[in-house]
Amino acid sequence: MRQVYLLWHCHELRDDLGVHDEEKLIGVFSRREKAREAIELLKSKDGFKDYPLECFEIHKTVIDGINWIDGFCTVYWSE
């Protein structure tokens, strides 16, 4: 099975409607090192530089793999 690395940028976005997760898929990379190089390139760019490095997330996945094989459930939070 061939593995790839997904690079995401994730943070909370607060607006008039409340708090939302803002997630951007930056790219899909053949090696974890390539994803780290992308972080180095982007961390000082507009928008990205306003958030901590922890907002960049690298997730390994398998091509042609199913990630939610058992289904999912939605959890609604109330204040």
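A residue is taken as buried when its relative accessible area is under 20%, and in the predicted model described here this criterion is met in helix 1 by Ala-35, Ala-38, Ile-39 and Leu-42. These four residues cover an arc of only 100° around the axis and therefore lie on the same side of helix 1. Such an arrangement can be read against the geometry of the α-helix, in which there are 3.6 residues a turn, so that residues three or four places apart point the same way. The buried residues of helix 1 pack against strand 1, strand 2 and strand 3.

The sheet that receives the helix is open and consists of three strands in the order 2-1-3, with antiparallel pairing. Strand 2 and strand 3, the latter spanning residues 56–62, are the edge strands, each pairing on one side only, and the twist from one strand to the next averages 30°. Helix 1, which comprises residues 32–42, packs on this sheet and touches strand 1, strand 2 and strand 3, its direction making about 155° with that of strand 3.

Within the sheet, strand 1 (residues 3–15) is paired in the antiparallel sense with strand 2 (residues 18–29) over eleven bridges, and the two are joined by a hairpin through two residues. In this pairing His-11 stands opposite Glu-22 of strand 2. Strand 1 also runs antiparallel to strand 3, to which it is joined by seven bridges, and here Leu-7 has Ile-58 of strand 3 as its bridge partner.

His-9 is likewise placed in strand 1, and it counts as buried because its relative accessibility is 1%. When neighbours within four places in sequence are left aside, the residues in contact with His-9 are Glu-22, Glu-23, Lys-24, Ile-26, Phe-48, Tyr-51, Cys-55 and Phe-56.

Two of these contacts, Glu-22 and Lys-24, also form a salt bridge with each other, in which the closest N and O atoms are 3.9 Å apart. Glu-22 counts as partly exposed at 29% relative accessibility, as does Lys-24 with a relative accessible area of 28%. The structure holds five salt bridges, among them one between Lys-43 and Glu-40, whose closest N and O atoms are 3.0 Å apart; Lys-43 is partly exposed at 32%, and Glu-40 is partly exposed at 48%. A further salt bridge links the side chains of Lys-49 and Asp-46 at 3.4 Å from N to O. In that pair Lys-49 is partly exposed, with 48% relative accessibility, whereas Asp-46 is exposed, with a relative accessible area of 66%.

Methods: Residues numbered from 1 in each chain as written. Predicted model: local features only at pLDDT ≥ 70, side-chain atom pairs only at ≥ 80, totals over all residues. Heavy atoms only, no water. Pairing = 2+ DSSP bridges. Axes fitted to C-alpha atoms, helices over the stretch in contact; angles between N-to-C directions. Contact = heavy atoms within 4.5 Å. Buried < 20%, exposed > 50% of the residue type's maximum accessible area, 1.4 Å probe, protein only. Arc of directions from axis to C-beta. Salt bridge = Lys/Arg side-chain N within 4 Å of Asp/Glu carboxyl O.
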